[in-house]
Amino acid sequence: TKIFAYGIRDDEKPALQAWEAAHPEIEVDFTGELLTPETAELANGADGAVVYQQLDYTRASLEALAAGGVKSLSLRNVGTDNIDFDAAREFGFKISNVPVYSPNAIAEHSIIQMSRLLRRTKPLDAKIANHDLRWAPTIGREMRMQTVGVIGTGHIGQVSINILKGFGAKVIAFDPYQNAQLAAEGLYVDTLDELYAQADVISLYVPGVAANHHMINADSIAKMKDGVIIVNCSRGNLVDIDAVIASLDSGKISDFAMDVYENEVGLFNEDWSGKEFPDAKIADLIARPNVLVTPHTAFYTTKAVEEMVHQSFDAAVAFAAGQTPETVVEY
Ligand code: COI
């Protein structure tokens with residue numbers, strides 16, 4: 001069995017080496033390059049490709065992979081929004097992802113950002129760095145005083161809810177697919193509109209599928225409380241960023257944390273030190289004291305990276321053995 005991996009970063013290599021040592025019977029080869037029609041031939045002869053990229057898995061890339069005999073695509077991440085599924089079907093690809101590499105990684109980050117906004121740590125840190133050690137006007141708000149609206153109660157949403165309960169926040173949730181235990185606890189509201197009307201803080205944990213595109217827009221923001229706080233550690237396309245910027249300007253949204261951005265490809269995980277940002281909106285958002293921007297780092301923990309590598313390789317090997325891994329993506 002041979003597995004070829006694309007886009008392997010230096011920080012993934014220890015996990016990759018550990019997996020290889022535990023699976024001496026599997027031939028592994030990898031590149032730091034992403035999967036494109038041009039790099040597809042690097043995988044020629046492999047049974048499966050292990051991949052992670054934000055770049056689209058296009059028809060051309062999948063066609064070229066299939067031409068080299070590759071039969072499966074195992075993503076090292078959760079999101080599958082960048083796969084051309086029609087093409088994957090046409091070329092007969094088996095697909096897996098890593099849906100639960102570490103829900104805590106993203107959940108913790110989202111709640112950390114939420115609490116940073118409530119305690120106004122960005123302007124406070126700036127003051128302190130400026131030798132201004134006065135309290136006012138940087139007064140905070142307490143988590144237990146907030147009604148937090150959790151949109152999406154999958155693995156990450158559930159861990160987030162548990163953390164929020166520890167803080168003593170009042171949690172309400174919306175998900176068209178309700179979790180039995182959360183339902184028994186009476187956490188769900190029936191409609192997003194109800195959540196928008198009641199929540200002081202809204203945090204998103206839903207996938208970036210077409211149906212959720214720009215769910216946070218001028219119309220939905222208008223239904224929210226004045227001074228609402230919004231946290232998005234899920235997918236950039238959930239948010240109409242122009243509507244958010246306008247609402248930050250008007251004060252309708254008091255604070256905003258974003259770990260994802262619709263135009264993040266080529267922007268996040270790049271070094272812009274000493275240079276201007278190529279994107280005026282991100283420059284504006286980063287400059288605001290009431291906005292926290294992190295460059296898609298919610299997932300980025302040692303535990304998550306290890307799980308992403310190990311589970312994706314396990315799935316690729318299962319496919320090659322004619323088995324269906326638990327992490328198969330049905331499409
Ligand atoms: C995902 O797992 O879908 C993510 O968003 C994390 C990715 C940047 C590795």
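## A walk through the predicted model

The side chain of Q146 reaches out to the backbone oxygen of E142, 3.0 Å away. That's our starting point, and keep in mind as we go that this is a predicted model. Q146 belongs to the loop that runs between α5 (121-129) and β6 (147-151). Is Q146 buried or exposed? It counts as buried, because its relative accessible area is 8%, and the cut-off for buried is under 20%. If you set aside the neighbours within four places in sequence, the residues in contact with Q146 are L118, R141, A169, K170, D200 and V201.

Now hop over to another loop residue, R76. You'll find R76 in the loop between β4 (72-75) and α3 (85-90). R76 is buried too, since its relative accessible area is just 1%. What does the side chain of R76 reach? One partner is the backbone oxygen of G7, at 3.0 Å. Another is the side chain of E12, which R76 meets in a polar contact of 2.8 Å. Leaving out residues up to four places away in sequence, R76 touches quite a list, including Y6, I8, V50, V51, Y52, V98 and Y101. Further along the chain, M308, V309 and S312 are also among the residues R76 touches. Here's a nice bit of folding to look for: R76 and E306 sit 230 residues apart in sequence, yet their C-alpha atoms are 9.9 Å apart in space.

Next, the aromatic rings. How many aromatic pairs does a search of the whole structure find? The count is 6. Take F85 and Y331, one of these pairs: the ring centres are 5.0 Å apart and the planes make an angle of 40°, so the pair is classed as tilted. This pair ties together distant parts of the chain, with F85 in helix α3 and Y331 in the segment after α12 (302-320), 246 residues away. Y331 is partly exposed, because its relative accessible area comes to 33%.

F299 and Y300 make another tilted pair, with 5.6 Å from centre to centre and 50° between the planes. These two don't share the same surroundings: F299 counts as buried because its relative accessibility is 13%, whereas Y300, at 40%, counts as partly exposed. Add Y101 and you have one aromatic cluster, made of Y101, F299 and Y300. You've met Y101 already, as one of the residues that R76 touches.

Let's move on to a helix, α10, which covers residues 241-250. Just ahead of the helix, D240 caps the N-terminal end, placing a side-chain oxygen 3.1 Å from the backbone nitrogen of D242. Which residues of α10 are buried? They are I241, A243, V244, I245, S247 and L248. A handy rule for reading such a list is that an α-helix has 3.6 residues a turn, so residues three or four places apart point the same way. The cover over the buried residues of α10 includes α9 (218-222), β10 (253-258), α11 (280-287) and β11 (291-293). After the helix comes G251, which has a positive phi, near 90°.

Finally, a look at the surface. L34, L55 and V265 together make a nonpolar patch of about 230 Å². L34 lies in the loop between β2 (27-30) and β3 (48-51), and it is partly exposed because its relative accessible area is 34%.

Methods: Residues are numbered from 1 along each chain as its sequence is written. This is a predicted model: local features need pLDDT of at least 70, side-chain atom pairs count only at pLDDT 80 or more; totals for chains, interfaces and linings use all residues. Side-chain values use heavy atoms; hydrogens and water are left out. Buried means under 20% relative accessible area, exposed over 50%, partly exposed in between (1.4 Å probe, protein chains only). Helices (H or I, at least four residues) and strands (E, at least two) are DSSP runs, numbered from the N terminus. Contact means heavy atoms within 4.5 Å. A polar contact is a pair of N or O atoms within 3.5 Å; within protein, one must be able to donate a hydrogen and the other to accept it, and residues adjacent in sequence count only if both atoms are side-chain atoms. Patches are made of residues with over 30% relative accessible area and no salt bridge: like charges are joined within 9 Å, nonpolar side chains (Val, Leu, Ile, Met, Phe, Trp, Tyr) within 5 Å. Accessible areas come from the Shrake-Rupley method with a 1.4 Å probe; for residues, only the protein chains shown count as cover. A salt bridge is a side-chain nitrogen of Lys or Arg within 4 Å of a carboxyl oxygen of Asp or Glu. Rings of Phe, Tyr and Trp (its six-membered ring) pair if their centres lie within 6.5 Å; planes under 30 degrees apart count as stacked, over 60 as edge-to-face and the rest as tilted.
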